[in-house]
Amino acid sequence: MNVEEEVGKLKEEIQRLGQKQADGSYKVTFGILFNDDRCANIFEALVGTLRAAKKRKIVTYSGELLLQGVHDNVEITLLPPPAVAAS
């Protein structure tokens with residue numbers, strides 16, 4: 001699986017596990033994502049996929065590197081897609 005594919009799957013999983021916010025974003029904690037069986041089967045390196053998504057401004061979270069246990073309560077926000085300007 002390439003990076004773009006993994007980031008796309010990450011978006012789907014955050015939408016499945018997270019809570020939708022009023023602005024259209026989704027929030028989930030790292031612990032919920034990391035400990036989910038389906039995510040464990042999809043992502044070989046969840047932390048690497050999160051970093052790639054953060055670099056592409058698809059998700060946001062505090063810190064650089066998330067570690068299981070230590071950062072279980074860190075909120076990961078899937079940003080809403082940019083609004084398409086009406087022509």
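Which residue in E2 does Lys20 stand opposite? Select Lys20 and look across to the neighbouring strand: the residue facing Lys20 is Tyr26, in E2. Keep in mind as you go that this is a predicted model.

**The sheet**

Stay with these strands for a moment. E1 and strand E2, which covers residues 26-29, are joined by two bridges and run antiparallel. Now colour the whole sheet. Its four strands are arranged in the order E1-E2-E4-E3, the sheet is open, and the pairing is antiparallel. Strand E1 (19-20) and strand E3 (59-60) are the edge strands; each has a single partner, so one side of each has no neighbour in the sheet.

Next, move inward to E2 and E4. Four bridges hold this antiparallel pair together. Pick Thr29, and you will find its bridge partner in E4, Glu75. Then step over to E3 and E4, another antiparallel pair, joined by two bridges. Here the residue to select is Val59, whose bridge partner in E4 is Leu78. If you show side chains along a strand, a general point may help: in a regular strand they alternate between the two faces of the sheet.

**Across the sheet by salt bridge**

Return to Glu75 and show its side chain. Glu75 makes a salt bridge with Lys27, with 3.6 Å between the closest N and O atoms. This pair links distant parts of the chain, since Glu75 belongs to strand E4 and Lys27 to strand E2, 48 residues apart. Are these two residues buried or exposed? Glu75 is partly exposed, with a relative accessible area of 43%, and Lys27 is also partly exposed, at 28%.

**Helix H4**

Now select helix H4, residues 46-55. Its buried residues are Leu46, Thr49, Leu50, Ala52 and Ala53. Turn the view until you look down the axis of H4: these buried residues fall within an arc of 160 degrees, so they line one face of the helix. What covers them? Show helix H1 (3-17), helix H2 (30-35), E3 and strand E4 (75-78), which are included in the cover over the buried residues of H4.

Arg51 is also in H4, and its partner is worth a click. Arg51 and Glu64 form a salt bridge in which the closest N and O atoms are 3.8 Å apart. The pair links H4, where Arg51 sits, to the loop between E3 and E4, where Glu64 sits, 13 residues apart. Glu64 counts as exposed at 53% relative accessibility, while Arg51 counts as partly exposed at 42%.

**Leaving H4**

Follow the chain out of the helix. Arg56 and Glu4 meet through their side chains in a salt bridge, 2.9 Å from N to O. Arg56 is in the loop between H4 and E3 and Glu4 is in helix H1, so this pair ties together parts 52 residues apart in sequence. Arg56 counts as partly exposed, at 36% relative accessibility.

Just after H4, stop at Lys57 and check its backbone: phi is positive there, at about 60 degrees.

Then select Ile58, in the loop between H4 and E3. Which residues does Ile58 touch, leaving aside those up to four places away in sequence? They are Val7, Lys11, Ala53, Thr77, Leu78 and Leu79. For Leu79, try the distance tool: Ile58 and Leu79 are 21 residues apart in sequence, and their C-alpha atoms are 5.7 Å apart in space.

**The remaining charges**

How many salt bridges does a search of the whole structure find? It finds six. To see some you have not yet visited, select Glu13, Arg16, Asp36 and Arg38, which are linked in a network of salt bridges.

**Two last stops**

Go to helix H3, residues 37-42, and pick Ile42. Ile42 is partly exposed, with a relative accessible area of 22%. Add Leu10 to the selection: the two C-alpha atoms are separated by 9.0 Å, while the residues lie 32 apart along the chain.

Finally, turn on the surface and select Leu65, Leu67 and Val70. Together they make a nonpolar surface patch of about 280 Å². Val70 is placed in the loop between E3 and E4, and at 63% relative accessibility, Val70 counts as exposed.

How values were computed
Residues are numbered from 1 along each chain as its sequence is written. This is a predicted model: local features need pLDDT of at least 70, side-chain atom pairs count only at pLDDT 80 or more; totals for chains, interfaces and linings use all residues. Side-chain values use heavy atoms; hydrogens and water are left out. Two strands pair if DSSP finds at least two bridges between them. Buried means under 20% relative accessible area, exposed over 50%, partly exposed in between (1.4 Å probe, protein chains only). The arc is that of the directions from the helix axis to the C-beta atoms. Contact means heavy atoms within 4.5 Å. Patches are made of residues with over 30% relative accessible area and no salt bridge: like charges are joined within 9 Å, nonpolar side chains (Val, Leu, Ile, Met, Phe, Trp, Tyr) within 5 Å. Accessible areas come from the Shrake-Rupley method with a 1.4 Å probe; for residues, only the protein chains shown count as cover. A salt bridge is a side-chain nitrogen of Lys or Arg within 4 Å of a carboxyl oxygen of Asp or Glu.
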